[in-house]
Number of protein chains: 4
Amino acid sequence: MKVGFIGLGNMGVGMASNLVKAGHEVTAYNRTPGRDEALVAAGAKRAESVGIACRGEAVVTMLADDRAVEAVTFGEDGICARLPKGALHISSSTISVAMAERLTKAHEAAGQSFVSAPVFGRPAAAAAAKLFVVAAGSPDSITRAMPILDAFGQKTFVVSDTPKAASLVKLGGNFLLGAMIESLGEAMALAEKGGVDRHAFLDVMTSTLFDVPVYRSYGGLIADRNFSQATFTATLGAKDIGLALAAGDALKAPLPLASLLRDRFLTLFASGGADLDWCSLGALAARDAGIQD
Amino acid sequence: MKVGFIGLGNMGVGMASNLVKAGHEVTAYNRTPGRDEALVAAGAKRAESVGIACRGEAVVTMLADDRAVEAVTFGEDGICARLPKGALHISSSTISVAMAERLTKAHEAAGQSFVSAPVFGRPAAAAAAKLFVVAAGSPDSITRAMPILDAFGQKTFVVSDTPKAASLVKLGGNFLLGAMIESLGEAMALAEKGGVDRHAFLDVMTSTLFDVPVYRSYGGLIADRNFSQATFTATLGAKDIGLALAAGDALKAPLPLASLLRDRFLTLFASGGADLDWCSLGALAARDAGIQD
Amino acid sequence: MKVGFIGLGNMGVGMASNLVKAGHEVTAYNRTPGRDEALVAAGAKRAESVGIACRGEAVVTMLADDRAVEAVTFGEDGICARLPKGALHISSSTISVAMAERLTKAHEAAGQSFVSAPVFGRPAAAAAAKLFVVAAGSPDSITRAMPILDAFGQKTFVVSDTPKAASLVKLGGNFLLGAMIESLGEAMALAEKGGVDRHAFLDVMTSTLFDVPVYRSYGGLIADRNFSQATFTATLGAKDIGLALAAGDALKAPLPLASLLRDRFLTLFASGGADLDWCSLGALAARDAGIQD
Amino acid sequence: MKVGFIGLGNMGVGMASNLVKAGHEVTAYNRTPGRDEALVAAGAKRAESVGIACRGEAVVTMLADDRAVEAVTFGEDGICARLPKGALHISSSTISVAMAERLTKAHEAAGQSFVSAPVFGRPAAAAAAKLFVVAAGSPDSITRAMPILDAFGQKTFVVSDTPKAASLVKLGGNFLLGAMIESLGEAMALAEKGGVDRHAFLDVMTSTLFDVPVYRSYGGLIADRNFSQATFTATLGAKDIGLALAAGDALKAPLPLASLLRDRFLTLFASGGADLDWCSLGALAARDAGIQD
């Protein structure tokens, strides 16, 4: 397929490369130039504008937040204005439920199709085509999106025919990760104050009940206090928890654990931690317990 | 070895059987008679009193709470009074850190050894010798306990030479499970109010980030609202979260997520849920969100 | 002074009347007609548009929320476009800190002055000129606003020369009220489950430590479960707590008690309580405790 | 009346003096000697033991906690053993609901009467006979206690014929104070980060909605960061919030705001604040918000 790709950040560059590898004809655009050399070398074309990336059967966006998606979608040279009728916009960014609804309506009004298809996985998984994709959209648009989505990851889950549902699942997943971080942080702080090495505690947990990579990797970062090489910053984590809470607000679903995470992020930011890995949230319980690292 | 076993509940009966299978000479006691027929048939002797169960090299206790352990340990016919000098008390019950400290001192004063060795796993795992054992005690007493502990489970983790450390690890693990229950409950409530089937949400999560039995089994009970066949009641769950909080109190370690769980349990109890499976905690978020089951 | 008044709700109608009584020449506008008969009878003129209300030295807005203030301030017939250069916009609505900043800049750019002057008090206090006014703005604009502000209430507090500061103080005050409601609700639920009549409990508190009208009136509504005659709805209360949290977000100030209130409001809304008095928040603790009213 | 008085701390010494002034024949006992000189000079007798203080018609206890009350009540020379049949034990200490129940039963079994009569007020109020007394007990014992209780304070509230009810009301009152501290702390932190002086914020609040001494005095300590001259320490505050939570536990009444206070106290203790005034809780929100004092 002829596919545009907008957003060549840590995640996007790997995803676009895998589209090329899967045989798609890729035209890639990034707001700031210069992140696309390897991609172009691999066979992708460089787009000088959003509009140029919108000349194919589909365009994928992989951007940081609602605002960035809004910037490339609306306006004179935006996706809505430039994408041919009948073509497909696949949003893999983690966006708000409200933005997913807005995009659904705007593309419908413009005679285009919209699929929300956020992904689970860090940049290394994006590069290795090991992402998990959660997709929602009309059956027809999902069918058309599949050759693209399958190039991104190891499995695609179709959860609904309403695009916003995929955003909600993605936000729910990130909330579960945030809850895991907080719970590991509290448990390790308790263990440590009681004389149990926090690595030893984590080792028991990940060898028994929680024998799964996310507990091991996130827990390891917390136990190591290794937060400076962020692959997902606290700022991005706070954004997603905020989006989950905003969805809860709109849907009248109280989420007290998400509220706790929200307050934790603010405490972290107030002490200068915005650019740290979001696992740094897991060190606040130790700080409150008076543990000096 | 010649081993006494006190406490033939759902967990204890399986553990004692596995001691017999492993070739130990087991004398078993339960406060209320009649739970030991299969065990006796398999080769264990029946003890008419705590004291009779204390005539070997070691005695294991597997009881519901601090109070039950206190009842069999102290007093005229208690373990402290009856166990020979040099012999070993292995406590596999989930007890408070304070009780672990008290037992450590009492047995030391009586010239006996004490190992705290709580276990992770439900009754089926106890019967199948698939428990995970977390042990702490002096190196010598751990060495002597090993042939017993290894009969209980698939792996024994020695975390410290101070017995209370094992209790703390066990409480930390149960707290992580409680946090998981709450987070799954909130995430499913949010998903459901947004039109995503809660089973579908859970399926995505346990196929991707959280591909591990505890998320699948606990999450499944929550999604099914299947709480009446409790293998671990809300009352027992609340007890353990309370013990974690009590440890946090003593150690000056605030645990806000544990406090949230504590309040949730009280809400559950106030509406009559004490005997439900502790996963029922995970349905409260849905109730607060106005979801009618 | 020649003063425009926009927003003739429960609060605005009393405030505008008091401007008339104080000798000001008032031109009043309301989006939906028909709430101004008494006011017109008392001597106010009726404005058919926002622009007509903007022909004096000052215009006061007293509206429900940011959105309503935005609607009358911006756009072709908005205050910014219609108010003479040098004239004054006094916002007595409870608005977000962000909106206060936006209004400050917009009026500055248009050569006008802006004072934020939210008020404390219920409609009866507005009618009786017993409000408390919290004002912030440049010294010159405050001086010019004073004859208007003094007509509204019993005292005007000037807290800063930056308008947003007054909004922040107002939001902080409403947060204190919300915290009072929650604390009274929890304390009464505890007392009641322990056999102490909740009115008796409240009576002790308001006769001793908390001998002040807000505890007596709000506490009385909670004890009476009298929530249907809302003078301030849960929807409005939730809006203000949300604005306090948004300010905390922007300023990096975690507010865990405000987060608790936020979750409580969602629980209330999910069970249909949006139009009840916001004191109904104080009955949720009783509900969680299993108290049947 | 001939009255014993046990516990001559900051509060007790003033209360006992007022008994003398009211014409009672007072025999006073304190565990550690030497705090009774002024009292003896004023006309009280010094008791060398608990038993000697129990020779009158009534004995009052004013002690730090459950443990201290237990120590003087039970045992060979305790109040239960020494107080004449028909005589009265008035407990003015802030004790647990469980301890109030235990004392009720023990005195009933010993043929004595028991009144729980905790007080509101700081030491200066105790010295000035300005306390508020909350009393509960059988009508007959209340009648007999009245001449004593009225000597302590400006008003006595009889809330129930079950002694524990008075303890519950006292704990509820202290919880309301704790909630006030937390809410003031959060609101001031928010105001301050937004550029509003915290004293100015407090002044608006205590001149309007919260025009009552407790808001002024507690708020003033928080705004001044004046915590070292504790008249009520964080340790005592945490004890009372803990007793409220324990009562909630027993009664199945979740108290999320009290749980928040509990966690705050632990954070305070972990950073060395146990002996500060309990208002220091109100500075933690500022700390979390990154405010440097």
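**Group meeting: helices, domains and chain contacts**

H8(D) passes H12(D) in a left-handed crossing. I'll start there and work outwards. Keep in mind that this is a predicted model.

So, two helices in chain D. H8 of chain D covers residues 163-193, and H12 of chain D covers residues 256-270. Two packed helices are described by the angle between their axes and the distance between the axes. Here the angle is about 70°, and the axes of H8 and H12 of chain D are 10 Å apart. Angles of 65 to 115 degrees count as roughly perpendicular, so H8(D) is roughly perpendicular to H12(D).

Which residues of H8(D) and H12(D) meet? From H8(D), we have Phe175(D), Gly178(D), Ala179(D) and Glu182(D). From H12(D), we have Leu257(D), Ala258(D), Leu260(D), Leu261(D) and Arg264(D). The contact of H8(D) with H12(D) divides into 6 nonpolar residues, 1 polar and 2 charged.

Next, the domains, this time in chain A. The domain assignment splits chain A in two: domain 1 is 2-161, domain 2 is 168-288. How far apart do the C-alpha centres of domain 1 and domain 2 of chain A lie? The answer is 29 Å. The two domains of chain A do touch: 11 residues of domain 1 are in contact with 12 residues of domain 2. On the domain 1 side, 7 of those residues are nonpolar, 2 are polar and 2 are charged.

Now chain against chain. Take A and B. The contact uses 55 residues of chain A and 56 residues of chain B. On the chain A side, the elements giving two or more residues include strands E8 (131-136) and E9 (153-160). Helices H8 (163-193), H9 (198-207), H11 (234-251) and H12 (256-270) of chain A are also among them. Which element gives the largest share of the chain A side? That is H8(A), with 17 residues. By class, the chain A side has 37 nonpolar residues, 11 polar and 7 charged.

Last, symmetry, with chains C and D. Two copies of a chain are related by a rotation about an axis and a shift along it. Chain C can be laid on chain D by a turn of 180° and a shift of 0.0 Å along the axis. The RMSD of that fit is 0.1 Å. The two copies are therefore related as by a two-fold rotation axis.

Which residue of chain C comes closest to the rotation axis? Look at Val212(C): its C-alpha is at 3.1 Å. The same surface serves both copies, and 100% of the contact residues of chain C recur in chain D.

That's the tour.

How values were computed. Residues numbered from 1 in each chain as written. Chains lettered and ligands numbered in written order. Predicted model: local features only at pLDDT ≥ 70, side-chain atom pairs only at ≥ 80, totals over all residues. Domains from an automatic or database assignment. Contact = placed C-beta atoms within 7 Å. Nonpolar A, V, L, I, M, F, W, Y, C, P; charged D, E, K, R; others polar. Axes fitted to C-alpha atoms, helices over the stretch in contact; angles between N-to-C directions. Helix = DSSP H or I, 4+ residues; strand = E, 2+ residues; numbered from the N terminus. Parallel < 35°, antiparallel > 145°, perpendicular 65-115°, else oblique. Left-handed = near helix turned anticlockwise from the far one by under 90°. Least-squares fit on C-alpha atoms with pLDDT ≥ 70 in both.
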